[in-house]
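Please open the model in a viewer and keep the sequence panel at hand. The tour proceeds by successive selections.

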Amino acid sequence: MHIEKKNNLVFHITLSGYELATLISSARWVAEGAKGELTAEAIQQLKQVVSNYDRAADKLTERESK
């Protein structure tokens, strides 16, 4: 994952295929009423995507503070 800030309200985000698929499937699950439970694999994938986001956001903040 890579995040670039274009201006105050626009970001350019590069995602891997699995990151995009994880986010879309999670959004679909929530939008459809979140019936049932996520599998352990789905939860692990979400945790990895969130971790990737946190690292990319930290890098963005570091670049902006220089």
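The stops below follow the chain from a strand pair to a helix and then to a loop.

This is a predicted model, in which local features need pLDDT of at least 70 and side-chain atom pairs count only at pLDDT 80 or more, while totals for chains, interfaces and linings use all residues. Residues are numbered from 1 along each chain as its sequence is written, and side-chain values use heavy atoms, with hydrogens and water left out.

Select residues 2–7 and 10–14, strands E1 and E2, which pair in the antiparallel sense over five bridges. Strands are DSSP runs of E with at least two residues, helices runs of H or I with at least four, numbered from the N terminus; pairing requires at least two DSSP bridges. E1 and E2 form a hairpin with two residues between them, and Asn7 has Val10 in E2 as its bridge partner.

Next, select helix H1, residues 17–31. Within H1, Glu19, Thr22 and Ser26 are buried (under 20% relative accessible area; exposed is over 50%, partly exposed in between, with a 1.4 Å probe and protein chains only). They cover an arc of only 65° around the axis, which puts them on the same side of H1; the arc is taken from the directions from the helix axis to the C-beta atoms. Add helix H2 (40–65), against which the buried residues of H1 pack. On the face of H1 turned away from its buried side, find the exposed residues Gly17 and Ala31.

Finally, select Gly33, just after H1, with a positive phi of about 100°. Ala34, in the loop between H1 and H2, also has a positive phi, of about 50°, although it is not a glycine. Ala34 counts as partly exposed because its relative accessibility is 31%.

How values were computed:
Contact means heavy atoms within 4.5 Å.
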